[in-house]
Amino acid sequence: MDEPHFLNIQRSYQILFSYAGAEESKEHIGNKITGDEHVYSLSWRRDSKQYPYPFQIKFTTRFEKYNEHKALDPKDEEIKHFKKIPFLHIFFINCSTAEEYRSKIRHEVSEWFANLNNIEKSQWIIVFDSKNAREKKSRGQVMERIKSDFSSYFSRVIEVYDRASLSVLESTITASILVSIETYATMLESFLFYEKQHFTNTKFNLIAYSNGFFILMHFYWSIGLLETVLSQLDDQKMFLDDIVESYSKNFNTYEWGKRNETFDQFELLSTLMDSKQIINFNSPAIIPYLRKYILAQQIMTSFAIYFNKSKKAINSDVNENLERLAILKIDISSIILNSLYETIQKIKSDINLLSLRIDPFVYNIWIVLIVLECFEFASILTPQVFSSDLGSNNICLLLKIKCDSMKFSWEEMKKRSFKLSKEELKKLPIHGPFFGNEINLLSKFRDCLTNSEDFQLYMESSFVEAIVEMKKLKYFRNSIYISYSLAEIYKEMDNFEGALKVKVENVKDILFAGECHGAMTKLLIREVVQEIIHFPDKDFYIKELYLFCYYGLNYASNDEGRELYQNLLFDLPLDEIVDKVEIPSWLKNQIPFQISYNGMNNHLIKCTADKEEEFIFSISTTLPLEIIDSKVKIYFRSVNREILASLAKKRLLFMCKFNSEEMVNRFGCLHKGGSPEIEHKNDNNLVAFDSTSLENNEGKLLPKVVNKFSALLKFSQTGLFMFEYAEIMLKGSLKFIVKNNLSYQGTNESQLFKPLFKNVFVIVDNDPPAIIFGEEFENNSNYLLLAGVVQTIHITLSAGSKNLDESILSIEPKSGSDDRLEFMGSDGKWSNKVCINVQKLNAREKVEIEIHLYLPTARLSFSNWEDPPVTKKILFKWMESNSTMKIDFKPLINIITTTSIMDNKALFEMEIYRKHGKDLIIQPIDAQFQHLLKDGDMDIKEFKIDINRLNVDIIEKLDINSVYSIVWLLTNHQKRIIAALNPILKYKLIFKYKVLTFDISEKKYIEIPFERGYQLISEFNFAFPAIEYEICAQLLSEQPQSVICRALSTCEMILSIRSITRVVETIIVGLDADPGIWKINNRYKQLTIKDSGLGQITFSIIPLVVGFLPYPNITIFSFNKEHGQPEKMKETVDNYPQVIGKQLCTFSRTKGKQIHVLGQITMENASSTSSLPILNHKNHNRGESNVSSSRSSLRSSARQKLQKFFDK
């Protein structure tokens, strides 16, 4: 892209050097340090803190003859242009001998030096061209003479004779010129800063300030600081705003400003760029001119920045730089348009605030042309000038301003009959220059001013262009304004049809763009509808009238408006135009009807194929008037997983998960919602149903009420169907499609607790054959039966919607064949899995089936009276339908078994508890306890174990809450010494019984009529353990001659221990009891067994409660001699737990024995017996002997009784 012509107007002046001395040296040395080809590129670091970063400057230089009156002097009060001031002074010396220097050069250079040295911060250099002196061999003498003359400034004396010395000269020039640039810039900035602070003074000269400002900007431009120029121009605009604001408030204090001045400086920007005009009046009227001039400077500077960067980007050929350059184009064009709009607005404000007199006609013509001009400037960089990238707001506002000015100009030209005098034409800014792409634009516009038809055509095209571009940029309010302005122009031209057409097209465009929800749009549509109604040829706009009435029906502000639109709409020939009118998609979705039904969440309807099911729903409408001749159809669609998933994904879906190890709740979003619904283009899946009104048969829809409808749903196919939409047909042709956005009556739940989607779903199926459990099973999760006796349950079989032939019902435990649950089949046999024959069933027929089941009672399964019931699951299979019934069983009898072992004999006791089945009686028949041989075992006789039942007759009837015991005596004739000689044998326990029930009529117990016997069978392993110690315990009072224990009084527990193997050893005897019943002081004591195998030890214990208390538990442990020696320890070893070894097998003859503990002795009882010697603790020896003999007799009596019991 070539640079625009106007960039050559703003020249970058070269920095000026002055020279004196030898012309010859200036030619061959000066040409190497100045000229267009020698570009200085420096880093300029400012002294002020205002500029923390250095500036990168670039400039060229040129020489002019030294003039003592032209020098950069910081003390000079006059602002001089930098193109007239040398920034560096150079004196060239070229002599061959020292004498020549003294006689011809010294006086001149001294005078030159004296003038410059008197100026503060002046920069000068003396260049000694030593070429001739070196040829004469006198270079040293000449140099010494020069040094002696300028000894204080020796660094400014540079000898040049080769390339290296020329580099030194260039470095010195660079340092000097940076000082001069800083000095010059500081001078101007100080002047401008001072003037800014005193602009309200009488002597303030805005022209002088502005000249100084633009000189500084031109200086910055010349050294390459284009971005700084743009920034300073923005600051200058703000300063002008401050002046205007202050002047408008206190204009009397501004002696340099006058009111009611005339402003006629309406030049175009191209004229200001190329202007040589000098403004020489100092008044506020210059402010609008300065604003235009600043805008022109901003445009030129912006273009200069772009073309400088474009050269670098093209040379670098880096894609990233080219992309940035494209962005810069758009930014500059946007800045041009934005700055133009701000400038126009500021000038308009200045005219009002400064009370300036203007010619409105000239002013509006200027606005039209300057807007065109800036659009042309912007099109240089961006041909698509009306792109939103350039700022939609600025473009639309400029087009609006242009159209307003065009309209005003047209009205003024009408008053003048489109005839202008030469003086009037001279005042108009139509004479150029014009630097845009369209060079003939001014001449075309000039021709239009004197031709009414051409001007009207140009104006109309400008308005149409503005309307089109505003609509593209979505600025519909501005487009409406311009459209109505154009319509008013048409009306003034008596073109009423054109005015209506403009309004109609404008409103249509707004509706199709979707920008129609404001009050202004509603008023415009109302106005356009009224104009169409009164238009002579209104049939021409019948389609548009239908569209506008359709909109008003939904969006009118009040009922009156909706009534108007409804009447107009229904009076139209709908059957002719409905299918021909295009309605915006967003407007089609605005339906004045709503469907609702009674339900909180998804509504589920279960249907059988080819069977009708009623669905009741309601329709409400926002239409203001009653509707006659309406028809309602509802449509259902067959759905699948994909459709349901799309419905669920319309809304946010969250999941909260708790981590018990970390004790953290994690909350995550599974789906963010907004998933588009799957489009259903295949209408073959839709099923339509007609509906009828439940309130009237005339097809009326009443406003502001709920109109109830009913539809009979009948599906021929099975599957899942979803409500798709309702079709409401009015007047036979006006169709409204109400989608499945159903509302729900009586729902107030928050959005958080609403389901993912709501709809009406219909499940259509053939009713399959079904197994139905009774209410007792459905309503009770823990249905209870008795184990150990036959029980009866009932189920119902339903044939469903089809006839059934003879079938089989299969019954079995869900856990499989290992379950002991039995059923009675149709053949009368009991089995773990049975079949029951089912007769033929007609459709919808039901039959009740009686089922008998039996669960045997297992040994030890119910060892506690409070054991929970056993849960069994029964699986029913019938006609490919599986159902599971859950039943809890309580035992008819509870079994507890205990074993007592002494030496080579054992008592096996079976206790039968009756807790459940209060109306039943148990009649024992037989009880067997026998040994079972395993494969490979020897004959049972080799084990020499006899089993004898002690209960010979067991014929007692067991009623509820009764207990019955059956006892067997097991005798092992084999001599037992160690555990290895007592193998574990398998035994079988069999208990047979009958179940009786009381017959009220005969008043006797009869057997339950089932041909089967009841028995309890259990197999288990049992072995005679090798008993190592026999224990016998007795509790005595601590008081002599007393065997009665009293609460809270110390008692003695005497333990007699016999070793079965008669091994002499030390053992540890432990005592343990419930701490709430007994208090034991010493729990562990050591005891040494004597040669006779006997040993005795005593523990002191205290009963804590009154009553029959169980004996404490007695345990014997081996003595661990690795951790201690018995003879070195006391009897009590509570403090030495490490010596307690493994537990030994014992037989306690007093296990399960109880002692009767009485209450404490009161004070009265104690006083009545105080004369007894034993209580006075006299004659202790006699008392101890009596106690010992009493204890011995008690132990002997207890042993004899136990021995007799085992010898039976």
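This note goes through two parts of a predicted model, beginning with a sheet and the helix that lies across it and ending with the surroundings of Glu 911.

1. The sheet is open and is formed by six strands, which follow one another in the order E2-E3-E1-E4-E5-E6, and the pairing among them is mixed. At its edges stand strand E2, residues 35-44, and strand E6, residues 157-160; each has a single partner strand, so one side of each is left without a neighbour in the sheet. From one strand to the next, the twist averages 30°.

2. Within this sheet, strand E1 (residues 15-21) and strand E3 (residues 55-65) run parallel and are joined by five bridges. A reader who wishes to locate this pairing in the structure may look at Tyr 19, which stands opposite Lys 65 in E3.

3. Helix H1, made of residues 23-33, lies across E1, E2 and E3 as well as strand E4 (86-93), strand E5 (124-129) and E6. Relative to E4, the helix runs at about 135°.

4. Elsewhere in the chain, Glu 911 has its place in strand E30, which covers residues 905-913. Is Glu 911 buried or exposed? Its relative accessibility is 18%, and because buried means under 20%, Glu 911 counts as buried.

5. As for the partners of Glu 911, its side chain makes a polar contact, at 2.9 Å, with the side chain of Tyr 913. When neighbours within four places in sequence are left aside, the residues in contact with Glu 911 are Asn 894, Ile 895, Ile 896, Tyr 964 and Ser 965.

Definitions and conventions
Residues are numbered from 1 along each chain as its sequence is written. This is a predicted model: local features need pLDDT of at least 70, side-chain atom pairs count only at pLDDT 80 or more; totals for chains, interfaces and linings use all residues. Side-chain values use heavy atoms; hydrogens and water are left out. Helices (H or I, at least four residues) and strands (E, at least two) are DSSP runs, numbered from the N terminus. Buried means under 20% relative accessible area, exposed over 50%, partly exposed in between (1.4 Å probe, protein chains only). A polar contact is a pair of N or O atoms within 3.5 Å; within protein, one must be able to donate a hydrogen and the other to accept it, and residues adjacent in sequence count only if both atoms are side-chain atoms. Contact means heavy atoms within 4.5 Å. Two strands pair if DSSP finds at least two bridges between them. Axes are lines fitted to C-alpha atoms, for helices over the stretch in contact, and angles run from 0 to 180 degrees between N-to-C directions.
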